[in-house]
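I open the notebook with the two chains in view. The plan is to start where they touch and work outwards from there.

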Number of protein chains: 2
Amino acid sequence: MSESSYAESLCAHIKWDAAGLVPVIAQQHDSGKILMLAWMNRAALRATLAEQRAVYYSRSRRQLWRKGEQSGHTQLLKEIRLDCDGDAVLLQVEQRGGLACHTGRRSCFYRRYEERAWRAVEAVLKDPHEIYGRSRA
Amino acid sequence: MSESSYAESLCAHIKWDAAGLVPVIAQQHDSGKILMLAWMNRAALRATLAEQRAVYYSRSRRQLWRKGEQSGHTQLLKEIRLDCDGDAVLLQVEQRGGLACHTGRRSCFYRRYEERAWRAVEAVLKDPHEIYGRSRA
């Protein structure tokens, strides 16, 4: 199979939205913990498969985002799944450093709705200053 | 707290997209299995909390979608989480009947990319005809 038809088979069956994107869930492959939700375009999905690590599309920066490029907290690819409607992707990953969130938490989903408010219920395991340096954080 | 400010606190901190929607991941609370990804508007999120079961917004039917209203496979609410950016929601649920997918599978994410193709890798546990009746399936 040629490289072009290879990429074609990967992107086939996916219903890209009007912006050419699809939402992607990243899940820690062994614990089942949901780490984050991000977005991919075709180039990001191809890069994820080619590099065997999560590569997303940053909607704010409008460019490919190699998860962990600054923090070192890359996500090694274990498996790619597609849902029945073809409009959502699930990545099983190995989260390097154990931290997916830029706030220094394991998961980006650290706020829980309880007692009529959103409350942070997961610990900060590493100071963001240590992750990114003082210039960014 | 009044009902209106109650609803306000729930919808606060969420970054609704241009269509007034947010993507929502449903995860089986005990096994950690990811069941599906759907969408909510404000009314769906309020209904989910009020009824303690997953109520989504169907983008195709353009109306609230009480998950399981036809199949009986409702999703009982255990927990609502919000991510760091406020643009994705995670529901921890108890999936009644053990089947989230209209194809009769546990999860909608039943296709895995392997050997350069998307392959169905989860079993159909119940014939969709049995779930919905022959008229629909």
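**Entry 1: the contact**

I counted the residues on either side of the contact: 32 residues come from chain A and 32 residues from chain B. I then asked which elements of chain A supply at least two residues each to the side that touches chain B. They are α1 (3–11), β1 (22–28), β2 (34–40), β5 (75–82), β7 (111–114) and β8 (117–120). β5(A) gives the largest share of that side, four residues. Sorted by class, the side of chain A that touches chain B holds 20 nonpolar, six polar and six charged residues.

I note here that this is a predicted model.

I also checked whether the copies use the same surface or not. Of the interface residues of chain A, 100% are also interface residues in chain B, so the copies meet through the same surface.

**Entry 2: symmetry**

I superposed chain A on chain B. The operation is a rotation of 180° with 0.0 Å of shift along its axis, and the RMSD is 0.0 Å. The two copies are therefore related as by a two-fold rotation axis. Which residue of chain A comes closest to the rotation axis? I found A:Gly32, whose C-alpha is at 2.6 Å.

**Entry 3: the sheet that begins in chain A**

I followed the strands across the contact. Six strands form an open sheet, in the order β2(A)-β1(A)-β6(A)-β5(A)-β7(B)-β8(B), with mixed pairing. At the edges stand β2 of chain A and β8 (117–120) of chain B; each has a single partner strand, so one side of each is left without a neighbour in the sheet. The average turn between neighbouring strands of this sheet is 35°, direction ignored.

The link between the chains in this sheet is the pairing of β5(A) with strand β7 (residues 111–114) of chain B, antiparallel and over two bridges. I looked up what faces A:Arg81 there, and it is B:Arg112 in β7(B).

**Entry 4: the sheet that begins with β8(A)**

I traced another open sheet of six strands, ordered β8(A)-β7(A)-β5(B)-β6(B)-β1(B)-β2(B), and the pairing is mixed here too. Its edge strands are β8 of chain A and β2 (34–40) of chain B, each of which pairs on one side only. Neighbouring strands of this sheet are turned by 35° against each other on average, direction ignored.

Here the chains are linked by β7(A) and strand β5 (residues 75–82) of chain B, which run antiparallel and are joined by two bridges. A:Arg112 has B:Arg81 as its bridge partner in β5(B).

Within chain B, β5(B) also runs antiparallel to strand β6 (residues 89–95), with seven bridges joining them. I picked out B:Gln75, which stands opposite B:Gln95 in β6(B).

**Entry 5: helix α2 of chain A**

I checked helix α2 (residues 42–51) of chain A for buried positions and listed A:Ala44, A:Leu45 and A:Thr48. They cover an arc of only 100° around the axis, which puts them on the same side of α2(A). The background is that an α-helix has 3.6 residues a turn, so residues three or four places apart point the same way. Just after α2(A), A:Gln52 takes a positive phi of about 55°.

**Entry 6: positive phi in loops**

I went through some backbone angles. A:His13 is not a glycine, yet its phi is positive, about 75°. The residue lies in the loop between α1 and β1 of chain A. Is A:His13 buried or exposed? I found 12 other C-beta atoms within 10 Å of A:His13, and 12 or fewer counts as exposed, so A:His13 is exposed.

In chain B I looked at B:Gln52, also not a glycine, with a positive phi of about 55°. B:Gln52 sits in the loop between α2 (42–51) and β3 (55–58) of chain B. B:Gln52 is exposed, with 10 other C-beta atoms within 10 Å.

**Entry 7: the hairpin of chain B**

I finished with β3(B), which pairs with strand β4 (residues 63–66) of chain B in the antiparallel sense over four bridges. B:Val55 has B:Arg66 as its bridge partner in β4(B). The hairpin of β3(B) and β4(B) has four residues between the strands, and in this hairpin B:Arg62 takes a positive phi near 55°.

Technical notes:
Residues are numbered from 1 along each chain as its sequence is written. Chains are lettered from A and ligands numbered from 1 in the order in which they are written. This is a predicted model: local features need pLDDT of at least 70, side-chain atom pairs count only at pLDDT 80 or more; totals for chains, interfaces and linings use all residues. Two residues are in contact if their C-beta atoms, placed from the backbone, lie within 7 Å. Ala, Val, Leu, Ile, Met, Phe, Trp, Tyr, Cys and Pro count as nonpolar, Asp, Glu, Lys and Arg as charged, and the others, Gly among them, as polar. Two strands pair if DSSP finds at least two bridges between them. Copies are superposed by least squares on the C-alpha atoms of residues with pLDDT of at least 70 in both. Axes are lines fitted to C-alpha atoms, for helices over the stretch in contact, and angles run from 0 to 180 degrees between N-to-C directions. A residue is buried if 20 or more other C-beta atoms lie within 10 Å of its own, exposed if 12 or fewer, and partly exposed in between; C-beta atoms are placed from the backbone. The arc is that of the directions from the helix axis to the C-beta atoms.
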